[in-house]
Amino acid sequence: MADMTVAYSPSHGLGEEQSIWFKLTPLLNQENPMQVLMALSDKYGGVIPINLKNQRIVLLSEPAHAERVLVSNADNYTKYFDGLRPIFGKSMITIDGALWQKIRTPQQAAFHPNMFEEYFPYLMSAIDSKMARWAEIAETGETVEMVEETWTLAAEMVCKALFDREMPFNPHFVFQQVKIYTDVMNHKSIRLKNQRGELVEMTAEDTAKAMEVWHSIPETVIGANAIDHREKTLLKMLEAAEADPDFPEFDHRQVIDEMKQYLWAGTESTALTLAWSLYLLSQHPEAMERIRAEAHAVCGDADPEWNQVQQLSYTRMVIQETMRLFPPVWALIRIAAGDDHIQGHKVKAGDKVVILSYIAHHSPKYWDDPEKFDPERFAPERAKKRVKYSYLPFSAGKRACIGGALSQIENTLALVQLLRRFTPEYVGPVPAKIHATVTFCPKGGLPFRIRALR
Ligand code: HEM
């Protein structure tokens, strides 16, 4: 098979020309970018090598490819983070090898399921704040952008449950600032920002300002008063690692950067999942009713108790099905350290390898009627038959998401509570347009109106 060559014209100004996101722009800047990728994957048998001027990108889309890169030959593939360093600094999500393991170890305990009961009241309290805001929005009838709504909720959950702090910053402002940065740096071609309906070109000054806001957040969180002075919080674990004289690598910068990682990697994907699930539910009112009926059957009219959360199984399946159809992290990128062979194709040292989880999630080889919204496919009996690595919302292997289980608790509680008091009505175009960047975003957001039920 001949390798494919994608032409691109280097433009000037913002953005990093070496960024893989910039290089993939000709593929991703389409009306329906995922359909283009799926058609290419079909045509080239699952492996799509793309030759650029001075490097090669290999797109992979089969579960066996994911197994090779993420699990059985994982040591040959290092993380790719160009363009995102200012967001994530030197946090563990960006580093490899022995140092990554050393940095991850003291944080792991914060994500053990036996901590979730302790987080539960703080998650509920963040949902209460969101419900108070929605009650006001329902009164005015204004339209809200749902990803911003769900991001501000996820950020409050992280601050309260993991850091033991009220949210000491304006989350709407911070969300907009970081979005400016990620959009501009990763997709030079879309550096026009939409300002009150007008397209305005972003300047380097705008992005510098956005980053200044972002860099100030962790110290603001640390400096805020503790809510309950809990002993076992993630923030306490980070500070203990910093204070450990035998762990000089874990300096104050490391604490700050880990916090940035949690405030972005630990919020954006959770927020996208919740926003996309509300979009899907607005198209499937019968599923929304089923969530309400399940909540009523499990909790009556009261708020859920911790020991009832496991019983909210249909709600959890809706979240899992949302992450199949709209995987927040739809592409996992690695750099090959040495040569490898994947499905008969040579991968050379230095190649960028992109695992397209989205394609495996939508393949008729692994899913019946893959475009259908069918939460029941995650019922235990059916889930057992799933081909391994065909479902990768949290990646796989040792670098899998640390917060996957926590995010599902967060979103289950949020769906149940929000839907019992409100009907969020999606008022944008159907199907929603996709903006595939580092994460799987709706183009221009997801506009909703909020209707109060009681
Ligand atoms: C629906 C929600 C979420 C999704 C879909 C998601 C997805 C992912 C994926 C795919 C990765 C691996 C990326 C790669 O291998 O290139 C990852 C890593 C990570 N996630 Fe999540 N995530 C979610 C929620 C969370 C939450 C709630 C937290 C923490 C509060 C979190 C913290 C992290 C961290 C720290 C890593 C890096 C782990 C490491 O490199 O050792 N994520 N996430």
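**The ligand shell and selected buried residues**

Helix 13 gives the largest share of the shell around the ligand, with 3 residues. The structure is a predicted model. The ligand sits in the largest cavity. Several elements give two or more residues each to the shell around it. These are helix 6 (97-108), helix 12 (252-264), helix 13 (268-283), strand 8 (331-336) and helix 18 (404-421).

There are 28 residues around the ligand. Of these, W100, R104, R334, R399 and C401 come nearest. By class, the shell has 15 nonpolar residues. A further 8 residues are polar, and 5 are charged.

Side chains also make polar contacts with the ligand. In R334, a side-chain N or O atom is 2.7 Å from a ligand oxygen. For the side chain of W100, the corresponding distance to an oxygen atom of the ligand is 2.8 Å. The side chain of K79 has an N or O atom 3.3 Å from an oxygen of the ligand. W100 and R334 thus appear twice in this picture: both are listed among the residues that come nearest to the ligand, and both have a side-chain N or O atom paired with a ligand oxygen.

The cysteines were examined next. A search of the whole structure finds 0 disulfides. For C159, the reason is distance. The closest cysteine sulfur to that of C159 belongs to C401, and it is 18 Å away. That is too far for a bond, because a disulfide needs two cysteine sulfur atoms within 2.5 Å. C401 is also one of the residues that come nearest to the ligand. C159 itself is buried, since its relative accessible area is 0%. C299 counts as buried too, at 9% relative accessibility. Both values fall under the 20% cut-off for a buried residue.

Helix 18 also holds T412. This residue has 1% relative accessibility, so T412 counts as buried. Its side chain has a partner in the backbone. A polar atom of the T412 side chain lies 2.6 Å from the backbone oxygen of Q408.

A loop residue completes the account. A432 is placed in the loop between strand 12 (422-426) and strand 13 (434-436). Its relative accessible area is 12%, so A432 is buried. A432 and P442 are 10 residues apart along the chain. Their C-alpha atoms are separated by 6.6 Å.

Key:
Residues are numbered from 1 along each chain as its sequence is written. This is a predicted model: local features need pLDDT of at least 70, side-chain atom pairs count only at pLDDT 80 or more; totals for chains, interfaces and linings use all residues. Side-chain values use heavy atoms; hydrogens and water are left out. A residue is near a molecule or strand if one of its heavy atoms lies within 4 Å of it. A polar contact is a pair of N or O atoms within 3.5 Å; within protein, one must be able to donate a hydrogen and the other to accept it, and residues adjacent in sequence count only if both atoms are side-chain atoms. On a 1 Å grid over the protein atoms alone, a cavity is a set of points where a 1.4 Å probe fits but cannot get out, and a pocket is an open set with protein on both sides within 12 Å along at least five of seven lines; lining residues have an atom within 4 Å of a point. A molecule sits in a cavity or pocket if more than half of its atoms lie within 2 Å of its grid points. Helices (H or I, at least four residues) and strands (E, at least two) are DSSP runs, numbered from the N terminus. Ala, Val, Leu, Ile, Met, Phe, Trp, Tyr, Cys and Pro count as nonpolar, Asp, Glu, Lys and Arg as charged, and the others, Gly among them, as polar. Buried means under 20% relative accessible area, exposed over 50%, partly exposed in between (1.4 Å probe, protein chains only).
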